[in-house]
Amino acid sequence: MGRLFDFMLPDNQSPLTADSTDGLFHFITEVSFILLVGITIALIYFAIKYKRKSEDDETPLITHNNTLEISWSVIPLLITLVIFGWGYSGWLNLRSVPDDAYEIHVNAFKWNWGFNYSNGAQTLNELHVPKGRPVKLVMQSRDVLHSFFVPDFRVKHDVLPNRYTYVWFQAEEAGEAQIFCTEYCGTSHSNMLAKVIIHEPDEFETWLETNGGGVSGSPVEQGEQLVSLQGCKTCHSLDGTKIIGPSFKGLFGKQETLSDGSTVTVDENYIRESILNPGAKVVQGYDNVMTPYEGRVSDDEISNIIEYLKTLK
Amino acid sequence: MANHSATHPAHVQHHFVDSDQQFESAKLGMWVFLVNEILFFGGLFCAYIVFRAWYPELFTQAALELNKLWGGVNTIVLIGSSLTVAMAIRSAQKNQTKGLRINLLITIALACVFMVIKYFEYEHKLHLGIAPGSFWNPTPEILHELSDPRANIFFGIYYMMTGVHGLHVLVGIGLMIWLYIRAGKGHFNSEYYTPVEITGLYWHLVDLIWIFLFPLLYLIE
Amino acid sequence: MAVAETKNLTTLQVKRFKPSDNPTNTYLTDEKGLWAWMTTVDHKKIGLMYLGAVAFFFALAGFLALALRTELWTPAKTFIEADTYNQLFTLHGAMMVFFVLVPSIPAALGNFVLPMQLGAKDVAFPRLNLASFYIYVFGAIFTFISLANNGFDTGWTFYTPYSSDANSAGVIWVTLGVFILGFSSILTGTNFITTIHKLRAPGITWGRLPLNIWALYATSIIQVLATPVLAITILLLSMENIMDIGIFDPALGGDPVLYQHFFWFYSHPAVYIMIVPGFGIISEVITTFSKKHIFGYWAIALSSLAIAFIGFLVWGHHMFTSGQSSVATTVFSFLTFLVGIPTGIKILNWVATLYKGSIDMKTPMLYVFVFLFLFTIGGFTGITLGALSVDIHLHDTYYVVAHFHYVMMGGTLMALLAGLHYWWPKMTGKMYNETLGRISAVLIFIGFNTTFLPQFVMGAQGMPRRYYNYIDQFTIFHQTSTIGSYILGVAFLIILYNLMKSLINGEKAPANPWNSRGLEWQATSPPDFHNFDHTPVIIHGPYDYHQPMEEFQLGLAVSHNGHGDHHEVTTDETEKA
């Protein structure tokens, strides 16, 4: 069904959450458009018809007209009440998660999205979901405010550091959808993107099984997976380029000058401290922007990450 | 405005028609300013209400660290000063410059007593390490009594509220010293006492705010 | 009641004078030299100084906007780094809101016009008025100190906990700056309320107040009631930054959503501080240039007050996705629609005023037409954003960016330009070039829509705001928008040139070039230091275009008993000086 303002909205991949929103958006935009055209025509018509002929023009005294004024107050009021009710019901639907929803935990942190699945699988910046089944995301931030937004599903909610928030949707077509962060969160806010990957239901089960159980392999391999999963690479390059933090390449064993002028050798203890409490010793030329990982990585995981960093010569 | 300035008394500014209009304007302006002050403190009261609703035990526990006796004394001191400032206005209206000066002096003295007591309260708390925000460093005994890790939120609010109020008291002292000097020069009489009147209004508000602060902070049971 | 009315009904004899077209002494020639300007308590000079300062910050923040649009020409880096971009959009927003939009109409044009429209010699507290200007300057200096201290990149909303991070000296300075600036706004509001209540000339009853005064009155109420809450919020935020008092910081037990409530409790009414005085200007200009009585005087006057009061109860509509309670969300959405109604009423009243008028499309009127078109779009898209489910999708996207630019720039700024071109001859005594004026209005209309219409589309498509990089599909919208912003830049340069040129060699302005019935036009251009050379007596409403012009010329009461009381007045003598 083609509507006048269809070109404004993105694809609708989750009709259960998007249909009411879209309908209301079209309704308001179309009514507004008609009224705007009416007002514009009136403006232009009056400007031409009643153009000043001479400085001595006389105009009639029209102070007010109760019927007209009451009608153009009450009719818009009624229309807006309809809009309110429509918007309210659509919003209630967005807030009411179906009982059989599949639950995924979301960790937002500068500037990545981490997703944890019930069987222990973890992904970074890729949200895998089954098609045709409601999915509930339980979200929390580890640092500042973020906001989870998928335009194709018409869902959005802020992600806060001190409480859980949630959204739900049900994707109806296999494929991909874009995730944005819509609450300003600093330098790389605009790079805090992720993809929803929508699988056929059985394909999703297979994907879960192959990726379940978290990281595995030798310490170095585990470290490598952790560096990816924890989003370290967003700020620390592996090839020597300077992004937001110092590059990991050749980092271990190097002498670094700190912001207070003192020097430090990058050893196991320095790396450990920098992961748990990054603000303690900041390398000169970099800002103190990293989120502390205290409570987010275990001692074993830190050891594995250090083993991996040693291999990046 | 030759036709007006001829009839203007010295204290009436050029843009007012007469003394009454000037007095009325000043008074209305002050009331508008007081509404604004109430909204300003209103923000702090809101923060207080929200956190007290969230952490009721914390507030009961932390309030025990405040000294009810000295808080109470301060309340009486401020109420007394409100009375003397009202008497100062009365004296001005009756052309009693001497009475005006004496009453202003008593008000200033009471306001200073308030600040001195406040100083000792602050001093005692800082000594125990009950300081705002990052200076929070309580002694072990205090830490034992104040087991709640969010205790510094209560004291954050306490210091903000009493601190901003204290600043208002200091401003009031300054204003009254200025009035005292002007009264000495004979600036005020029954025809013109606008500054005394509006400073009095301000002082009543400062007093009123303390009357709310005292039970909210000190008397939590 | 009836007895009291008869008692007050004193018949006065009124002499009428036509203001001179060639004043010998004006407020501009009264006292000269920098020092005289810096220490002046004349509301007209203070208004001009505000106008200069606002124009300076507008140029600065506008220049930043062009830099931002240029950076957005390509999806990745075009010419500045992400951190710079984040600082620039923050600075653009903060300056436009706090240094331009809030003071623009009330403190610059309002200061100049308000006492004149009331027939007063000055505002009630001239020294406070000057103090308010210096407080404004002082607040601005703090912002520049902040820029020298690493600047700030928090967005103009200063959301915690991002803004309360440890290493943010720049944020401390700028928040203190905004704190100080608030007092300038409070003083202006206090001054205006008192002036409107107490300093009206004889004959100006509440029913004869120009609608511009009603609008400024409503604005002042908001300034006085809302700004102190901003002050305390910003003070708490500064304390959070300086010593972690923990009220807004979740790590210390505080709450970021509480900060948002506090912030929007001011910042939503602040939107009305910016737009309501614009409504006042529109009413003045539209009646003058259609030579017609305003349609629905009371509807327009009272809807300003209604907006002022309901405007206090809708702040939560900025927080539909924030995690505030469901009940709050529902109530805020409902009230948001209620505040839309009085605004719609105003627009229809203005259109109805044109009916059977005598419409002269001079520059100010052209800006009013631009205003009516752009602001209507701004209003309608506000309805879209007020609808709960739709707002979930559109919140924090470019749709919101486009919406508030349509309201703030298409609304407030167009009204400001209309007012500036309308009162320019009164303020400076010079006429500007009419053709250039019209060209700039048309260019602004084209440039504005080219800049911001595409933003509605890309916002609805999902483009989030405050993005340095963007995904490729939005490129075409961003590039169109950037081109539009350059057109806008050129249009503003033309306005600047036109107005500056009029100062240097503009034609001399007569006392009342537009044949307006407004009281301010019955003074000379530029006015005398005391505005009028005697207290005027008013016998007609400001929009009584059906009455002969002579009756609007300055009235001097021959005999009346006392001042300040407002008497029924009749004329019996008309005389031209």
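**Chatting about the C and B interface**

Student: Hey, how many residue pairs are in polar contact across the interface of chain C and chain B?
Tutor: The rule finds 6 such pairs, with both residues at pLDDT 80 or more. A polar contact is a pair of N or O atoms within 3.5 Å; within protein, one must be able to donate a hydrogen and the other to accept it, and residues adjacent in sequence count only if both atoms are side-chain atoms.

Student: Which elements of chain C give two or more residues to that side?
Tutor: Helices H6 (126-148), H7 (169-198), H8 (211-243) and H9 (256-290) of chain C. Helices here are DSSP runs (H or I, at least four residues), numbered from the N terminus. The largest share, 11 residues, comes from H8(C).

Student: What kind of model is this, by the way?
Tutor: It's a predicted model, where local features need pLDDT of at least 70 and side-chain atom pairs count only at pLDDT 80 or more, while totals for chains, interfaces and linings use all residues. Residues are numbered from 1 along each chain as its sequence is written, chains are lettered from A in the order in which they are written, and side-chain values use heavy atoms, leaving out hydrogens and water.

Student: OK, how many salt bridges between chain C and chain B?
Tutor: The count is 1 (a side-chain nitrogen of Lys or Arg within 4 Å of a carboxyl oxygen of Asp or Glu).

Student: Which side chains meet in it?
Tutor: Those of B:Glu24 and C:Lys198, at 3.2 Å, N to O.

Student: And where does chain A come in?
Tutor: Chains A and C share the most contacts (heavy atoms within 4.5 Å) of the 2 pairs of chains in contact. Chain A and chain B do not touch.
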